[in-house]
Amino acid sequence: MQIESTNGSYRDLDVQAIAIAVFKDEKADADGFLKELDSVTGGVIKSVIESEELKGKEAETVYLHLVGNSEIKAQRLLLVGVGERGDYTSAQASQMAGTAVRALRGKNVKSIAVLPRLEGNAEDIASVVVEGAFMALFDPDKYRTEDKESREISKLVVVMDGADETELQRGAERGRIIGESVNFTRDLANEPGAYMTPTNMSERAREVATEFGLSIDVLDEARMEQEGMGSLLSVSHGSDEPAKLIILKYTPSNASEDGGELLAFVGKGITFDSGGISLKPGENMELMKYDMTGGATVMGAMRAIAQIKPSIPVLGVVPCSENLPSGKATKPGDVVRAMTGKTIEVINTDAEGRLILADAIAYARKLGATRIVDIATLTGAVSIALGDVNTAVIGTDQELIGEIVAAGKEAGEKFWQLPLDKEYSKQIKSDIADIKNVGGRKAGTITAAAFLKEFTDGVSWAHLDIAGTAWSDEAKPYRAKGPTGVAVRTFIRIVARAAAKHSGS
Ligand code: BES
Ligand code: ZN
Ligand code: ZN
């Protein structure tokens, strides 16, 4: 899809269709945009609004062919409701663009102009619009041979009246990079376990590193042994596929010694989670192919960061393993020794994510990380607490948590903080080892975080549990069902915000 932008009029654009945001209860007779639109389309807008076919509620659409008196070059028009004008922010504008391209693709339209009608920073708005468009065009039907969505949109134009042309262009290009990277993550998450083993994942990481210029190191099991990563290794014992620890690093070309600050993203890469000896029930087990989404999120974010080239270094750490039962698998009751020397009693082999993250977090610290954000489909409990709306964020550094929430707002992604009082750590005390890997039924998402905290050794840290938000059971007007790519956009903005602070200081 070719991306263009313009600060000129939508009337003369060489596209097949124009998509326009319409606010709730917006009228075409009051002075303003819709009145003008009504007059250049021969009165069709007024007629649509008066008939109450369109009230401007979010994701409502009306599709029109402009014939007769239209003074617009494009022959088709899509009106997209965006809700209250006062609540309209970049999140809604991004979804509006998504709804528009998904609906128009369904009408076999090939070239589209989008008028988001959002005021503000042109670069940021162009970016979210293009992000939303790319994300909307992703479909998880890769392995279908029949009834596959084969229609493609060849051109998208972002229209922002009076905006600075260079800012618009820069934003549109950034939006393309981010949108493609979110879809890269979704593609990985969608892959069946057989096609996305730890080895496959490390190969995909190598491709990204080579294509976009990141440094990469992949630790095999022998090197993990040397590092003493008994916790990570214990998870892959039951599998024929060897574990991998992927390390991606972005270093800015103007790398200055910035007091050694290093932001690290650490993502859970369980390429299939059967539960191991603590086997999961069969129902919905196929979904556990997406248990590597945290890792895929880190890879997707690094893929974008490599292209956006911020002024600060970023580390990506992705521990990958399968979790399967076999005669060699770790058993409930076994005790393993993590890289930090801490011993862990494995009560439940299905609480494997925290076991691989423990060593990955410790290794990120060894590589010099001063701030760590880990991301994982870690607990079913998070869906009970927050559903598929908010991602849980828990950590030891309130400022970092604040940055995540704020970056999420910019990206149109929601995060909700859960507490991490020290009392919760009592639940993971073991009778025979330093800690155990489960904390009972109560506060499952928090006790999982309390476990991870044991391996952060006081470094600034926050944990994101995306088990509820990384996969969508239902399609939205702006997004297919399946992998959502949640947090990729937020991660990129966390880095952008840190880079802006760094260059401002
Ligand atoms: N990968 C699962 C968590 C999960 C569940 C992700 C549902 C997505 C959807 C994780 O490894 C797991 O099995 N966690 C257990 C922990 C329990 C044994 C303490 C859980 O949540 O049941
Ligand atoms: Zn599990
Ligand atoms: Zn898991």
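Buried residues account for 58% of the 505 residues in the protein chain, as computed from a predicted model. The accessible surface of the chain amounts to about 20,600 Å², and carbon and sulfur atoms contribute 46% of that area. The chain comprises 14 helices and 20 strands. Its radius of gyration is 24 Å, close to the 23 Å that the globule rule gives for 505 residues, so the chain is as compact as a globular protein of that length. Along the principal axes, the C-alpha trace extends over about 80 × 50 × 40 Å. Of the contacts in the chain with a separation of 6 or more, 78% are accounted for by residues 24 or more positions apart.

The protein chain carries 58 positive and 74 negative charges, and the mean positions of these two sets are 2 Å apart. In total, the structure holds 32 salt bridges. One of these is formed by the side chains of Arg170 and Glu123, with an N to O distance of 2.9 Å. Arg170 belongs to helix H5 (residues 165-190) and Glu123 to helix H4 (residues 122-136), so this pair ties together parts that are 47 residues apart in sequence. The two partners can also be described by their accessibility: Arg170 is partly exposed, at 47% relative accessibility, whereas Glu123 is buried, with a relative accessible area of 16%.

A further salt bridge brings together the side chains of Glu149 and Arg151, for which the N to O distance is 3.3 Å. In this pair, Glu149 is partly exposed, with a relative accessible area of 28%, and Arg151 is likewise partly exposed, with a relative accessible area of 33%. Lys366 forms a salt bridge with Glu227, and the closest N and O atoms of this pair are 2.8 Å apart. Since Lys366 is located in helix H10 (residues 353-366) and Glu227 in helix H7 (residues 221-227), the pair ties together parts that are 139 residues apart in sequence. In addition, Lys142, Asp187, Glu191, Arg204 and Glu207 are joined into one network by salt bridges that share partners.

Strand E8 (residues 244-250) includes Leu248, and Lys244 lies in strand E8 as well. Leu248 is buried, at 1% relative accessibility. When its neighbours within four places in sequence are left aside, the residues in contact with Leu248 are Ala205, Ala209, Leu214, Ser215, Ile216, Met299, Met302, Val314, Leu315 and Gly316. With respect to Val438, which is 190 residues away in sequence, the C-alpha to C-alpha distance of Leu248 is 30 Å. Lys244 is buried yet takes part in no salt bridge, and Asp220, the nearest side chain of opposite charge, is 6.0 Å away. Asp220 is nevertheless among the contacts of Lys244 beyond its neighbours within four places in sequence, together with Pro198, Thr199, Ser202, Val218, Leu219, Met224, Val318, Pro319 and Cys320.

Several loop residues were also examined. Gly387 is placed in the loop between helix H11 (381-386) and strand E15 (391-395), and at 26% relative accessibility this glycine counts as partly exposed. Not counting residues up to four places away in sequence, Gly387 touches Val382 and Gly468. Its C-alpha atom is separated by 30 Å from that of Val22, a residue 365 residues apart from Gly387 along the chain.

The backbone angle phi was considered for two asparagines in loops. Most residues other than glycine have a negative phi. Asn108, although not a glycine, has a positive phi of about 65°. This residue lies in the loop between helix H3 (90-106) and strand E5 (111-115), where Asn108 is partly exposed at 37% relative accessibility. Asn284 also shows a positive phi, near 70°, in a residue other than glycine. The position of Asn284 is in the loop between strand E10 (269-273) and helix H9 (293-308), and Asn284 is partly exposed, with a relative accessible area of 47%.

How values were computed: Residues are numbered from 1 along each chain as its sequence is written. Chains are lettered from A and ligands numbered from 1 in the order in which they are written. Side-chain values use heavy atoms; hydrogens and water are left out. Helices (H or I, at least four residues) and strands (E, at least two) are DSSP runs, numbered from the N terminus. The radius of gyration is taken over C-alpha atoms; the globule rule is 2.2 Å times the number of residues to the power 0.38. Buried means under 20% relative accessible area, exposed over 50%, partly exposed in between (1.4 Å probe, protein chains only). Contact means heavy atoms within 4.5 Å. Accessible areas come from the Shrake-Rupley method with a 1.4 Å probe; for residues, only the protein chains shown count as cover. Lys and Arg count as positive and Asp and Glu as negative; His and the chain ends are not counted. The place of a charge is taken as NZ of Lys, CZ of Arg, CG of Asp or CD of Glu. A salt bridge is a side-chain nitrogen of Lys or Arg within 4 Å of a carboxyl oxygen of Asp or Glu.
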